[in-house]
Amino acid sequence: MSNVPLSGLLARALGDLTAEFVIQGAGQAEMPSAPMWFGFLHTVLLQSPASGKELPKLTRLSKRAVRQLAGAAVRAGWMEVLSGTGVHTTFGPTDAGRVAADSWMAIADSTEQRWCRRVGADHAALKEALAALVGQLDLEWPHYPISYGGDLRVTGGRFRPGQAGPPRVPAHGQDWAPVIRGDGDTVSALTLTALLSQLLVAFSVDYEEACGDGLVIAEGFVRSFGSDNAVPMKDLPPVLGVNGRGSGGGPGLERHGKISVRSDPADAQVKVAHLTTRGQGIRDRYAGFVAGVEADWEARFGLSSIAAVRGQLEPMLPAFDPALADALIASMVRW
């Protein structure tokens, strides 16, 4: 067994699969990106007309993320407002949206099959292992990892308390509501992309529950700083939103005292990002919390279920570019 945590295996696989979709044109010209299509637009374009009030439930996203995605989709010309305002808005596809949907439906399955051949995976066996684990999750999760919106965590914090269940519901922000998994078969019709996403998002949420900080932030600190506490600001991934002015959008790492930015004493033109004591704690606790979540999953879902997913993903590791997991994380906040 590799020392890559389950979350890392899922992120690398989904990142690499996303790159395969890009090769086929996703996110280029008039074609929506994989996050936009799987995470949001698929629901709107294939269930028309779509009620703005129902979209958070249909997409398993926060109201905030839905507003942002809907705005982006309207601006791009893929969907339009048919009637109403606010939560009472009804959306439908435009002609361009219908073309985009046809384009995606034409490449989705064949691209996943092509990706499996490239990375040496058995499509049917991989889907079976993923589906068996997804089917045990108490909640439905997005079909592509997308953050809360303005917060790199998935559920947006602890404004509303969680419930031990069953069904098990995490603490969450006021704009996010759980979608309970229904009875019967909820997995066989899902794509590999959706299955990988549901597992990665569920793992991320359990990590947030355990430590209070987002998995995206912790992994960003581990990758960017390693064992150092200071790196040139230019080397930080854009997803962390560090601008050296103590503000910035996204997770607000400077504003919340997790990173500070100062000039290099040897060259005042060079800005250096420093992990504060709080930031160091997030980085240093990452490995323990990730291992803890995986151990909890083994106890909840069965060691054999976790081993089956690992057994499918680990042989693919040599074919994956680890940097693609970084690109996936960035896509969670840029659609």
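Helix axes here are lines fitted to C-alpha atoms over the stretch in contact, and the angle between two of them runs from 0 to 180 degrees between N-to-C directions. On that basis, helix 1 and helix 10 (residues 303–313) cross at roughly 45°, with axes that come within 11 Å. The model is predicted. This briefing covers two helix contacts, the aromatic pairs, one enclosed helix and several backbone features in loops.

**Helix 1 with helix 10**

- Two packed helices are described by the angle between their axes and the distance between the axes.
- An angle counts as oblique if it is neither under 35 degrees, nor over 145, nor from 65 to 115; helix 1 and helix 10 are therefore oblique to each other.
- The two helices, 1 and 10, make a left-handed crossing.
- On the side of helix 1, the contact involves L6, L9, L10 and A13; on the side of helix 10, it involves I306, V309, R310 and L313.
- Sorted by class, the residues of the contact between helix 1 and helix 10 are 7 nonpolar, no polar and 1 charged.
- An α-helix has 3.6 residues a turn, so residues three or four places apart point the same way.

**Helix 2 with helix 5**

- The axes of helix 2 and helix 5 lie 11 Å apart, and the packing angle is about 120°.
- Helix 2 and helix 5 are therefore also described as oblique to each other.
- Their crossing, that of helix 2 and helix 5, is left-handed.
- Helix 2 contributes A34, W37, F38, L45 and L46 to the contact, and these meet G97, A101, W104 and M105 of helix 5.
- The residues of this contact between helix 2 and helix 5 comprise 8 nonpolar, 1 polar and no charged.

**Aromatic pairs**

- There are 11 aromatic pairs in the structure.
- In one of them, the ring centres of F38 and W104 are 5.1 Å apart and the ring planes stand at 75°, so the pair is edge-to-face; the cut-off for that label is over 60 degrees.
- F38 belongs to helix 2 (residues 34–46) and W104 to helix 5 (residues 95–119), so this pair ties together parts that are 66 residues apart in sequence.
- F38 and W104 are both buried.
- A second pair joins F203 and W297, whose ring centres are 5.4 Å apart and whose planes are at 65°, so this pair too is edge-to-face.
- F203 sits in helix 7 (residues 192–211) and W297 in helix 9 (residues 277–301), and the pair links these distant parts of the chain, 94 residues apart.
- F203 counts as buried because its relative accessibility is 0%.
- W297 is likewise classed as buried, at 0% relative accessibility.
- F21, W37, F38 and W104 form a cluster linked by ring pairs.

**Helix 8**

- Of the 11 residues of helix 8 (residues 215–225), 9 are buried, so this helix is largely enclosed by the rest of the structure.
- The buried residues in helix 8 are L215, V216, I217, A218, E219, G220, F221, S224 and F225.
- G226, just after helix 8, has a positive phi of about 55°.

**Backbone features in loops**

- Most residues other than glycine have a negative phi, and most peptide bonds are trans.
- G165 and P166 are joined by a cis peptide bond with omega of about 5°, and P166 lies in the loop between helix 6 (123–134) and helix 7.
- The peptide bond from P166 to P167 is also cis, with omega near -5°; P167 is found in the loop between helix 6 and helix 7.
- A29 is not a glycine, yet its phi is positive, near 50°.
- A29 is placed in the loop between helix 1 (6–23) and helix 2, and at 80% relative accessibility A29 counts as exposed.
- R60, also not a glycine, has a positive phi of about 65°; R60 is in the loop between helix 3 (55–59) and helix 4 (63–76).

**H256**

- H256 is in the loop between strand 4 (230–232) and strand 5 (259–264).
- H256 has a relative accessible area of 39% and is therefore partly exposed.
- H256 and A106 are 150 residues apart along the chain, and 45 Å separates their C-alpha atoms.

Notes:
Residues are numbered from 1 along each chain as its sequence is written. This is a predicted model: local features need pLDDT of at least 70, side-chain atom pairs count only at pLDDT 80 or more; totals for chains, interfaces and linings use all residues. Side-chain values use heavy atoms; hydrogens and water are left out. Rings of Phe, Tyr and Trp (its six-membered ring) pair if their centres lie within 6.5 Å; planes under 30 degrees apart count as stacked, over 60 as edge-to-face and the rest as tilted. Helices (H or I, at least four residues) and strands (E, at least two) are DSSP runs, numbered from the N terminus. Buried means under 20% relative accessible area, exposed over 50%, partly exposed in between (1.4 Å probe, protein chains only). A crossing is left-handed if the near helix is turned anticlockwise from the far one by less than a right angle, and right-handed if clockwise. Contact means heavy atoms within 4.5 Å. Ala, Val, Leu, Ile, Met, Phe, Trp, Tyr, Cys and Pro count as nonpolar, Asp, Glu, Lys and Arg as charged, and the others, Gly among them, as polar.
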